[in-house]
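Let's work through a few short exercises together. Keep the sequence and the 3D view open beside you as you read.

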Amino acid sequence: MENIFCHPGIAKIPYGGDYNPEQWPEEIWKEDMRLFKLAGIDCVTLNVFSWAALQPDEDTYCFDKLDQIMEMAQKNGLWVILATSTAAHPAWMARKYPEVLRTEFSGIRRKFGGRHNSCPNSKIFRKYSRRLAEKLAERYGHYENLIAWHVSNEYGGECYCENCERAFRAWLKEKYKTLEELNRAWNTSFWGHTFYDWEEIVAPNMQSEHFAEERTMFQGISLDYRRFSSDSMLANYRAEYEAIKAVTPDIPVTTNLMGFYKLLDYQKWAKYMDFISWDNYPDNETPAARIAMNHDLMRGLKNGQPFALMEQTPSVTNWLSYNALKRPGVMRLLSYQAVAHGADSVLFFQMRRTIGACEKYHGAVIDHAGHEHTRVFREIQALGEELKKLGSQTMGGRTPAKAAIIFDWDNWWALEYSAGPSCDLRYLDEVERYYTAFYEQNIPVDLISVEDSLDSYQLVVAPILYMVKTGYEQALYRYAEAGGTLVVTFFSGITEEHDLVVTGGYPGRLRELLGIWVEESDALPQGAQNGFTWRGKHYPAELLCDILHLEGARGEAVYEADFYAGSPALSCNSFGKGNAWYVATRSSQEFYHDLIRCISREIGLEEIWTPIAGVEICERCNETGRYLFFLNHTNEETEITMEDRGKCLLDGCWYDRGDKVLLPGKDVLLYFCEKR
Ligand code: GLA
Ligand code: ZN
């Protein structure tokens, strides 16, 4: 089975993670190798933060230690994911070239320190990061066990320095060509902000247009700065990517993403990544559905292609206020959850727990105790054994989703920059509610961008599609016309790509498709409720109530209270061969569940298995058949009734339809069935 690493030697899920032998004396390395073997670890991510060691000054490069480490990895049969080390610049660089330092949102210029600390528009940073990536590719590209390049680390943050400001102006010129167009797009006639010279434009931060991180007086400029900022970091990534590819065209290149990370438009980034990799750090309170949703977002970035789980903690993080341990079994459970959603690797941060600085209490495969006699190590070892047994069976498998949720970074930024109608309008909240409805019913769902095709989906949900970029409405019209079922929610279709309101009645360009006109939207303060009854059941209406008129759509439910009692809270419009639903308000999770269930039944969208409370059930499939993952997130033993004949992948037992299997709390069942 082809895998994301494009390496014929990989016959099982790579297992291991971030390894920093450079922080340890060489006597320890030997012991590490013994422990890795014991734990079934066969893959290490090296060189994540070594720039200062590799380049002690501007003219000197020194690869001796990394040479030794690469040799050791090869001798010990370890796959290597080699990082480029550019996520933290050396101190000498900051001293000699202060332009590499970032300026904060507050306007304060940083001194040397921390990590992820370089100005994305510094020419010096660009030059030296690119050069380092190139040198690494030239020096280590021939290693057979080098399976991927890992550029930088968790790109993130922002910079508001003068370099960035200048680059922002250039970016704007490229985008708008003329100041007239820019003034129009930003609606600068409001508050007399008209620009007559490009040099008058300054970065939007606390010194200029903002009065809080999320609150701006001019959405136009702030939104463009987000786009610019994401593009600037992407340009850094691409510079390293290209330098590496010129030397080692066949080795895939990635950078580790962070799920729903707001500041970077990963859907744009994905085009320049050979495969997606990401770092999964839920805390013990994170609902399993939210973790799943992050995985699905990552899988959606490259049209369902499997991804790498680049990092997770084996046990504990250090950066929460209360860093609770992963309970026994949970590391294994979450590892398989990642695989169930499309991961083709299981990697940890970190292999050996460091002794100093802020991550000294972060979990690791090898604890400060330094030996294998720990709970965490034993769990890692047991999973290592299992992954060997599992081999490559699930690798390359695809998720058979016939439902999709549209997710768009620009929409996220624009919606949450807007002043009004409610400060509680949070894009992810609404996305998660719909996602959870699918999740609870074992209906696989993709998270897709506004550039992805809708053709293969029976049901598409667009939660708060506030910004409809010019032309995207056509994709939605075509989709419904051809027989698709679309669900659009309140506060959608309001603006176009510059966050300028589309006049002529909400939801703007979606009005005809949805067969409605929204005249007003009532924001309900926290705790306040309206309500409606749909198909015999009563549900609350909260947060925002769109008050609308039907223009061809069928009313499905009406508000029960206030001056708009009797006006539609839910509608459905037949459009072409399909249907377009409009959910005019926020309701309870039960409502989302029922809505998705009813619609799915009507259109014959099937669950992959009858739901079992607390047990997540996912599927990956390939030409040999279906790989089902039963993940018991509860602490209680649960019974599973087999709906298809199949084989347990770990112990080889066969089951017939109707057989019952007991699945202990936090346990996992991996099950293979032939194609239906
Ligand atoms: C991130 C980073 C790692 C490490 C871990 C700790 O994912 O990429 O370098 O700091 O967090 O949780
Ligand atoms: Zn900068």
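**Exercise 1.** Which domains does the domain assignment give for the chain?

*Solution.* The bounds come from an automatic or database domain assignment. Step by step along the chain, the assignment lists domain 1 (15-158 + 224-390), domain 2 (162-222), domain 3 (403-603) and domain 4 (615-673).

A note before going on: this is a predicted model, where local features need pLDDT of at least 70, side-chain atom pairs count only at pLDDT 80 or more, and totals for chains, interfaces and linings use all residues. Residues are numbered from 1 along each chain as its sequence is written, chains are lettered from A and ligands numbered from 1 in the order in which they are written, and side-chain values use heavy atoms, with hydrogens and water left out.

**Exercise 2.** Describe how domain 2 and domain 3 meet.

*Solution.* Start with the centres: over C-alpha atoms, they lie 31 Å apart. Next, find the contact (heavy atoms within 4.5 Å): domain 2 brings 13 residues and domain 3 brings nine. Then take the buried area (accessible area, 1.4 Å probe, lost on putting two parts together, summed over both): about 930 Å², with 47% on carbon and sulfur atoms. Of the area that domain 2 buries here, E214, R215 and Q219 supply 54%, more than any other three residues.

**Exercise 3.** How many salt bridges does the rule find across this interface?

*Solution.* Look for a side-chain nitrogen of Lys or Arg within 4 Å of a carboxyl oxygen of Asp or Glu. Between domain 2 and domain 3, the count is zero.
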